Amino acid sequence: MTIQSKPVTNESPTTPGWYPFGRPGSVAEWDGHAWTSQSRPDESVAEPAKRKHHPFRFLGHRWFWAVAVGNLIVIGGGLLMVATDSKPLTWAVVVVGMIVFGAGVVLLVDRREAFGQLTTLRPLLLWGIVSGLVAFALAVLIENRLEPDLGLPTEARLWLAGPVEETLKLAIPFLLLVFGGSRFKDPRAGLLLVILSGVVLGGMEAAEYTAQSDLKWTPLLMGIIRPGTELIHPLLTGFAAGVIWLAAWRARRPVTAVGVGAWVLAMAIHSLHDGLMGRNVNTSTLKPPTMESAGEAVAVSVVVLVPTVVLAVLFFLLLRHAARELVPPDVIGVNAPHWRPQLKRWGVPRADRGLDQDSTSPPVGGTATG
């Protein structure tokens, strides 16, 4: 996976200054890492050129083909499980497929966020992967061992998925935010860390569900639907990360009210998702229903994919709501309007809210044409 770095116009995106942010006649302050939420008038700034909408533009992007090929590999893993009943081999194939699929998810967000501009990219990739693996291991321990040992009913375990999994995916990235030094405090760095953590946990979960030996053709069903289902992990937790890290950066402290609110919202949505979707699993074993034939597995997958795609789109829109606030100045012009900052006041100290710069204030450290 190659994370692209967009070309910089006039000023480096790490140069503090006042830049157009997509609103005509106005510039906003970029501190070198994030938008401060402050804006001021500048009549020289025109509206960015309108983008022509092409309904099949996605066919020309690498992220789409990575997602498509990754899903096909996972389907192959499901067929392999049906044919060989080999859990280790199925795990290996599905994990490879989910790596490709997850790379597509990262590339999709990278097109908007230009993660390649981050100077600490390699440790971010490493820690994101470690975070996902640790989160998955702890989730298995808690959900498959601790909760049953405590005698919790199946329904309660499904509704607890939100607090458990959302917290675990954020745990290591948040510890890095608190103790890891300045490289992990950059809001885009936090977003990338958490998206990777979610991608890895989702990939491992997809392999766990697909490599089930006593359900006849159910592994084929899992191979078809699990990649889309697992999008909840990077997209939903990515939304929370976008809010948490931007608010922490502005407030200069890791814990903020809006950050806690985003975390709680992610937990609530995840629990609602698993609690409602869990009605289709065996309430005693938490396994999906047995598919008696390939035709049944494909037919059921078609029905399941409809709400899966709808939910994936909704989770993506939620992620975009937070991630658009982190888009750097030099890619504003090439981003769609819905990916341009709205200058949310997340984390801005109460005393500083509403104190936009007036038109006579001089630019600080940069230009208004970056």
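**Strand pairing, helix burial and salt bridges in a predicted model**

Strand 1 (residues 17–20) and strand 2 (residues 26–30) run antiparallel and are joined by four bridges. The model described here is a predicted one. Within this first pairing, Tyr19 stands opposite Ala28 of strand 2, and the hairpin that the two strands form has five residues between them, among which Gly22 takes a positive phi near 110°. In a regular strand the side chains alternate between the two faces of the sheet. Both faces of strand 1 are covered, since Gly17 and Tyr19 on one side are buried, as are Trp18 and Pro20 on the other.

Strand 2 is also joined to strand 3 by four bridges, and these two strands again run antiparallel. Trp30 stands opposite Trp35 in strand 3, and the hairpin of strand 2 and strand 3 has four residues between the strands, with Gly32 in the turn showing a positive phi of about 105°. Strand 3 (residues 35–41) is largely enclosed by the rest of the structure, because six of its seven residues are buried.

In the protein chain as a whole there are 10 helices and three strands, and the order of elements from the N terminus on is β-β-β-α-α-α-α-α-α-α-α-α-α. Of the 370 residues in the protein chain, 51% are buried. Among contacts with a separation of 6 or more, 74% are between residues 24 or more positions apart.

Helix 3 (residues 121–149) comprises 29 residues and reaches 41 Å from its first C-alpha to its last, which is close to the 42 Å expected at 1.5 Å a residue. A kink of about 30°, centred on Ile142, is nevertheless present in helix 3. The buried residues of helix 3 are Leu121, Leu124, Gly128, Ser131, Gly132, Ala135, Phe136, Ala139, Glu143 and Glu147. An α-helix has 3.6 residues a turn, so residues three or four places apart point the same way. The cover over the buried residues of helix 3 includes helix 2 (87–113), helix 4 (154–159), helix 5 (161–179) and helix 6 (187–210). After helix 3 comes Gly151, with a positive phi near 75°.

Helix 8 (residues 232–251) also agrees with its expected span, because its 20 residues should cover 28 Å at 1.5 Å a residue and its end C-alpha atoms are 28 Å apart. Helix 8 is mostly covered, with 19 of its 20 residues buried, and is followed by Arg252, whose phi is positive, near 60°.

Side chains of opposite charge can pair when their charged atoms come close. The structure holds five salt bridges. One of these is formed by Glu147 and Arg157, whose closest N and O atoms are 4.0 Å apart. This pair links distant parts of the chain, with Glu147 in helix 3 and Arg157 in helix 4, 10 residues apart. Both Glu147 and Arg157 are buried.

A further salt bridge joins the side chains of Glu205 and Arg226, at 3.5 Å from N to O. Here, too, distant parts of the chain are linked, Glu205 lying in helix 6 and Arg226 in helix 7 (residues 218–229), 21 residues apart. Glu205 and Arg226 are both buried, and salt bridges that share partners join Glu205, Arg226 and Glu230 into one network.

Within helix 5, the side chains of Glu166 and Lys169 meet in a salt bridge (2.9 Å, N to O), the two residues being three apart in sequence, about one turn of the helix. Glu166 counts as buried because its relative accessibility is 0%, and Lys169 counts as buried because its relative accessibility is 0%. Glu165, also found in helix 5, is buried yet has no salt bridge, the nearest side chain of opposite charge being that of Lys169, 5.5 Å away. When residues up to four places away in sequence are not counted, Glu165 touches Ala139, Glu143, Glu205, His233 and His270. Of these neighbours, Ala139 and Glu143 are among the buried residues of helix 3.

Ser293 is placed in the loop between helix 9 (257–277) and helix 10 (294–323). With a relative accessible area of 32%, Ser293 is partly exposed. Ser293 and Leu220 are 73 residues apart in sequence, and their C-alpha atoms are 9.6 Å apart in space.

Methods: Residues numbered from 1 in each chain as written. Predicted model: local features only at pLDDT ≥ 70, side-chain atom pairs only at ≥ 80, totals over all residues. Heavy atoms only, no water. Expected span 1.5 Å × (residues − 1). Bend = angle between axes of the 7 residues up to and from the residue. Buried < 20%, exposed > 50% of the residue type's maximum accessible area, 1.4 Å probe, protein only. Contact = heavy atoms within 4.5 Å. Lys, Arg positive; Asp, Glu negative; His and termini not counted. Pairing = 2+ DSSP bridges.
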